Amino acid sequence: MYILQAQNRSQNVKAKKLRKLGFVPASIYGKNLKEPLHIQIPHNEVLKMLKTKTKGSTLTVNADGKDFTCLIKDYTYDILTNTVEYISFQNLIENEMVTSTANIVLVNKDKTPCLIQQSLLEIPYRAYPSDLVDKVYIDLEGLTPGSVIKVEDLDIAKNSRIELLIEPETVVLTAVDKSRLQMEEPAEQQEQQIA
């Protein structure tokens, strides 16, 4: 399991100052903790973690020598400054279900002749810590125009240990014939020119 090194942080130091010093303020919360644990993590370590982990991923956070098995619950990212501003972690309890999300990852995009219209980016669900899933992969190879993939078609929906928090009939993506779109465009442009 991925281990993220952190330090306990003082509530007296403002988040803005921590960021200037190169740290990301963060918190670990959970039912088994008396109060949230306020921590700080070096910004470069957070960026390294986010290359392989995302919201819904599990990892170990080591805060001043103590390990916490956590779920990345949320984080805020500033696109303009390319910095992570804050992260919240949920401490996991072995025999207690937790609400999370699984990110949808499309693979083999270059192996389909279709234009993919994705209408769902993540799947909300509940599960025990041992059954948590952070990514759901959809292989696009061999997908034909007109194909529709729904939540119920995915492996996560077939796992009896996972409780979906979304309707199984929800459309994840639709495959559209690229050539039909290209044929329709000139006709639409002609109509606009006539008008």
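**Exercise 1. In which order do the six strands close into a barrel, and which pairing do they show?**

Solution. Begin with the closed sheet of this predicted model: going around the barrel, the six strands follow each other in the order β1-β3-β2-β6-β5-β4, and their pairing is mixed. Next consider how neighbouring strands of this sheet are oriented, for on average they are turned by 45° against each other when direction is ignored. Then look at one pair within the barrel, where strand β4, covering residues 58-63, runs antiparallel to strand β5, covering residues 66-78, and six bridges join the two. As a single example from this pair, T58 has L71 in β5 as its bridge partner.

**Exercise 2. Which strands are the edge strands of the open sheet?**

Solution. First write down the order of the four strands in this open sheet, which is β10-β7-β9-β12, with mixed pairing. The edge strands are β10 (135-139) and β12 (163-164), each of which pairs on one side only. Now follow β12 to its partner: strand β9, made of residues 122-127, runs antiparallel to β12 and is joined to it by two bridges. In one of these strand contacts, R126 has E163 in β12 as its bridge partner.

**Exercise 3. Where is the place of S10, and is S10 buried or exposed, or does S10 count as partly exposed?**

Solution. Start with the position along the chain, where S10 lies in the loop between β1 (3-8) and α1 (15-20). Then take the relative accessibility of S10, which is 35%; because buried means under 20% and exposed means over 50%, S10 counts as partly exposed. Finally, examine what surrounds this residue: the side chain of S10 reaches the backbone nitrogen of N12 at 3.1 Å, whereas the C-alpha atoms of S10 and D78, which are 68 residues apart along the chain, are separated by 23 Å.

**Exercise 4. Are C70 and C114 buried or exposed, and how many disulfides does a search of the whole structure find?**

Solution. Take the cysteines one at a time: C70 has a relative accessible area of 0% and is therefore buried, and C114, with 4%, is buried too. For the second part, recall that a disulfide is a covalent bond between the sulfur atoms of two cysteines. The search of the whole structure finds zero disulfides.

**Exercise 5. What radius of gyration does the chain have, beside that of a compact globule of 195 residues?**

Solution. A compact globule of 195 residues would have a radius of gyration near 16 Å, but the chain has 22 Å. Add the extent of the C-alpha trace, which spans about 65 × 45 × 30 Å along its principal axes.

Key
Residues are numbered from 1 along each chain as its sequence is written. This is a predicted model: local features need pLDDT of at least 70, side-chain atom pairs count only at pLDDT 80 or more; totals for chains, interfaces and linings use all residues. Side-chain values use heavy atoms; hydrogens and water are left out. Two strands pair if DSSP finds at least two bridges between them. Axes are lines fitted to C-alpha atoms, for helices over the stretch in contact, and angles run from 0 to 180 degrees between N-to-C directions. A disulfide is a pair of cysteine sulfur atoms within 2.5 Å. Buried means under 20% relative accessible area, exposed over 50%, partly exposed in between (1.4 Å probe, protein chains only). A polar contact is a pair of N or O atoms within 3.5 Å; within protein, one must be able to donate a hydrogen and the other to accept it, and residues adjacent in sequence count only if both atoms are side-chain atoms. The radius of gyration is taken over C-alpha atoms; the globule rule is 2.2 Å times the number of residues to the power 0.38.
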